[in-house]
Amino acid sequence: MIEFISAHWLDMLTTLLGLAYILLEYKASAWLWVVGFVMQALGIVLYYQKGLYADCAMEFYYLAMTVYGFSNWVYGAGERGKDNKPAAITHFPRRAAIVWCAIAAALWGLIYYLLVTFTDSTVPVADSFTTALSLVGIWALARKYLEQWLVWIMVDVVTCALYYYKDIPFKATLYGLYVVIAVAGYFRWRRLMREEAKTSKKPSPII
């Protein structure tokens, strides 16, 4: 038992942080970015040890996005940011979605090439796919777009299988749970977005 915990303690710790992270995301709480910062810093070590080099490199991007995401969620951006209100949940702009799909495809190909050429990765296709799509997903989450949940559902399904294969059982199980929470999160955020839209249309009280 002690040997097992010694071998998997980092996996277990990041799994607990990941569970807190997804629950805070489900609730649309800005605290998710604080938990995410710690989780991703530890993830750099875990993924490097397991040879998931693309995931490891992506954690540095995630760290930067946690700062951006926290700032955007708390202080606002876009139209809501003009009067210093927290950012609202919105749809992913259609034109931006096309651009980001192209970016994701290009990143998938580029990361795959780098993994095959410069590393000893045994899972370059899956590792590069989840990395490329996650780069889009975390940006969409930072912008508080509803459709970020759809991106994460795809990432979570593939990552769950990948982590079981790479002997990271706790985080693999977590990603299986992520799929369920992501589906529920999509419908919760959609409801919250509609409620925010109704609230914003209400006339201000006359004083």
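**Helix packing around helix 6**

In this predicted model, helix 6 (residues 124-142) packs against helix 7 (residues 148-165) at an angle of about 150 degrees, and their axes lie 9 Å apart. Helix 6 is therefore roughly antiparallel to helix 7, since angles over 145 degrees count as such. The crossing in which helix 6 passes helix 7 is left-handed. On the helix 6 side, the contact is made by A126, D127, F129, T130, L133, S134, G137, I138, A140 and L141. Helix 7 contributes Q148, V151, W152, M154, V155, V158, T159 and L162. Sorted by class, this contact of helix 6 with helix 7 has 12 nonpolar, 5 polar and 1 charged residues.

Helix 6 also packs against helix 3 (residues 53-75). The axes of helix 3 and helix 6 come within 9 Å and cross at roughly 5 degrees. Helix 3 is therefore roughly parallel to helix 6, as angles under 35 degrees are classed that way. From helix 3, the residues that meet helix 6 are Y53, A54, D55, M58, Y61, Y62, M65, Y68, G69, N72 and W73. Their partners in helix 6 are D127, T130, T131, S134, L135, I138, W139, L141 and A142. The contact of helix 3 with helix 6 divides into 13 nonpolar, 5 polar and 2 charged residues. Both pairs can be read in the same terms: two packed helices are described by the angle between their axes and the distance between the axes.

One residue of helix 6 to follow in detail is S134. S134 is listed in the contact with helix 7 and also in the contact with helix 3. Setting aside neighbours within four places in sequence, S134 is in contact with M58, Y62, W152 and V155. Of these, M58 and Y62 are among the helix 3 residues that meet helix 6, while W152 and V155 belong to the helix 7 side of the other contact. The relative accessibility of S134 is 2%, so S134 counts as buried, the limit being under 20%.

The loops on either side of helix 7 each hold a residue with a notable backbone angle. Most residues other than glycine have a negative phi. K144, in the loop between helix 6 and helix 7, has a positive phi, near 65 degrees. With a relative accessibility of 8%, K144 counts as buried. D167, in the loop between helix 7 and helix 8 (169-201), likewise has a positive phi, near 60 degrees. D167 is partly exposed, at a relative accessible area of 43%.

These elements belong to a protein chain with 8 helices and 0 strands, giving the pattern α-α-α-α-α-α-α-α along the sequence. Of the 207 residues in the chain, 45% are buried. Among contacts between residues at least 6 apart in sequence, 68% join residues at least 24 apart.

Confidence varies along the chain. The mean pLDDT of the protein chain is 86, and 89% of the residues score at least 70. Among the elements, helix 7 has the highest mean pLDDT, 94, and helix 4 (residues 78-81) the lowest, 45. Over residues 78-82, pLDDT stays under 50. For that stretch the model has 8 contacts beyond four places in sequence.

Note on methods:
Residues numbered from 1 in each chain as written. Predicted model: local features only at pLDDT ≥ 70, side-chain atom pairs only at ≥ 80, totals over all residues. Heavy atoms only, no water. Axes fitted to C-alpha atoms, helices over the stretch in contact; angles between N-to-C directions. Helix = DSSP H or I, 4+ residues; strand = E, 2+ residues; numbered from the N terminus. Parallel < 35°, antiparallel > 145°, perpendicular 65-115°, else oblique. Left-handed = near helix turned anticlockwise from the far one by under 90°. Contact = heavy atoms within 4.5 Å. Nonpolar A, V, L, I, M, F, W, Y, C, P; charged D, E, K, R; others polar. pLDDT = per-residue confidence, 0-100. Buried < 20%, exposed > 50% of the residue type's maximum accessible area, 1.4 Å probe, protein only.
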